[in-house]
Amino acid sequence: QARRHRHSHERYVDGQDEQHLRQLMLIRDLQEAVDNGELWMAYQPKVDTTTGGVCQFEALMRWRHPTLGFVPPDEFIGLAERSGNIGLLSDWMLAHVCEQLYHWKRQGHHLSVAINLSASDVIDPGLPMHISELFESYDLTPDQLALEVTESAVMQDVEAATETLMALSQMGLKIAVDDYGTGYSSLAQIKRLPVDELKIDKSFVLKLDTQQEDLTIVRSTIEMGHHLGLKIVAEGVENSASAEILSQLRCDYLQGYWIAKPMPADAITGWLDEFKP
Ligand code: C2E
Ligand code: CA
Ligand code: CA
Ligand code: CA
């Protein structure tokens with residue numbers, strides 16, 4: 001009995017060591033990932049429920065590690081944030097997305113992309129200037145880039161975040177609160193930020209068609225948000241029943257596997273040509 005106990009304990013510790021080693025490797029290899037072209041962006045469309053057309057794409061980061069294979073962003077983004085390396089990824093991502101928008105424009109597509117900001121990006125007083133320089137270099141207009149920030153990122157330093165977001169908002173960029181409903185902030189708090197959109201977290205949307213509680217939460221969020229002059233996005237729309245419900249509730253924009261999964265950049269123009277509202 002004691003033997004077995006010790007054995008399982010050792011296995012547990014081994015598992016922890018393995019996990020720890022993987023984390024150290026990932027942090028160590030972030031710079032190489034940027035330098036060696038192991039990162040790319042996937043783009044997922046958002047659809048406007050009043051027109052049925054595509055209004056925007058969200059840019060989502062992807063990493064194929066040379067030995068560990070595909071690493072999910074939920075794993076490496078958090079590690080990069082906690083190890084102080086997220087700036088590396090954000091800088092690469094911003095430049096990469098702006099360059100992509102420039103290529104699309106030369107192909108005749110004036111597209112809009114939303115990017116995800118981390119807490120340290122949103123308190124960086126240099127971010128507005130950095131973005132405005134990128135707009136200059138790649139000949140972009142402010143309607144082509146939007147920002148998604150989580151409540152928790154903003155709440156880490158509300159004052160600094162408000163200042164950065166205010167400057168970006170004045171430049172004409174639209175700002176969405178991501179993962180809305182999973183944090184602790186109230187709509188009253190959010191309304192003091194220069195926010196244009198609420199993005200209802202997918203945990204409330206995934207089973208919207210069968211869960212009465214989720215429906216209640218989503219309905220009241222849409223109503224309250226609209227009263228405050230905010231646009232509402234639902235992420236995680238996986239079936240037509242949920243899409244239908246959200247349209248009836250006057251949700252402004254939909255995003256999810258039912259419309260399309262995140263796609264590599266070179267698939268986007270072809271997908272757009274095929275997509276009929
Ligand atoms: P997020 O910003 O909340 O992104 C939504 C996630 O839901 C994405 O996962 C997306 O692929 C997934 N998703 C979209 N539609 C559906 C659906 O219908 N059903 C389900 N089950 N899932 C859906 P992904 O790409 O793995 O990204 C995870 C998180 O990593 C993102 O969550 C975001 O917080 C972070 N992230 C991704 N790229 C970046 C980035 O460039 N910068 C920063 N700071 N964070 C990023
Ligand atoms: Ca997002
Ligand atoms: Ca989200
Ligand atoms: Ca998230």
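**Two calcium ions and their donors**

Reader: What makes D178, D179 and E235 the protein donors of the calcium ion (ligand 3)?

Author: Distance, basically. Donors are N, O and S atoms within 2.8 Å of the metal (3.2 Å for Na, K and Ca), and water is not among the atoms, so sites may look incomplete. Here D178 (OD), D179 (OD), E235 (OE) and E235 (OE) lie 2.1 to 2.7 Å from the ion, so they qualify under the calcium cut-off. A caveat: this is a predicted model, where local features need pLDDT of at least 70 and side-chain atom pairs count only at pLDDT 80 or more. Residues are numbered from 1 along each chain, and ligands from 1 in the order in which they are written.

Reader: Why is D178 called a bridge?

Author: D178 is a donor to ligand 3 and also to ligand 2, alongside E58 (OE), N116 (OD1) and E148 (OE), at 2.2 to 2.3 Å. The two calcium ions lie 4.5 Å apart. E58 lies in strand β2 (residues 54–65) and D178 in strand β6, so that pair ties together parts 120 residues apart in sequence; strands are DSSP runs of E, at least two residues, numbered from the N terminus.

Reader: How do you know whether D178, E58 and D179 are buried or partly exposed?

Author: Buried means under 20% relative accessible area, exposed over 50%, partly exposed in between (1.4 Å probe, protein chains only). D178 has 7%, so it is buried. E58, at 5%, is buried too. D179 has 26%, so it counts as partly exposed.

Reader: And what makes E235 buried?

Author: Its relative accessibility is 10%, and the cut-off for buried is under 20%.

Note on methods: Heavy atoms only, no water. Helix = DSSP H or I, 4+ residues; strand = E, 2+ residues; numbered from the N terminus.
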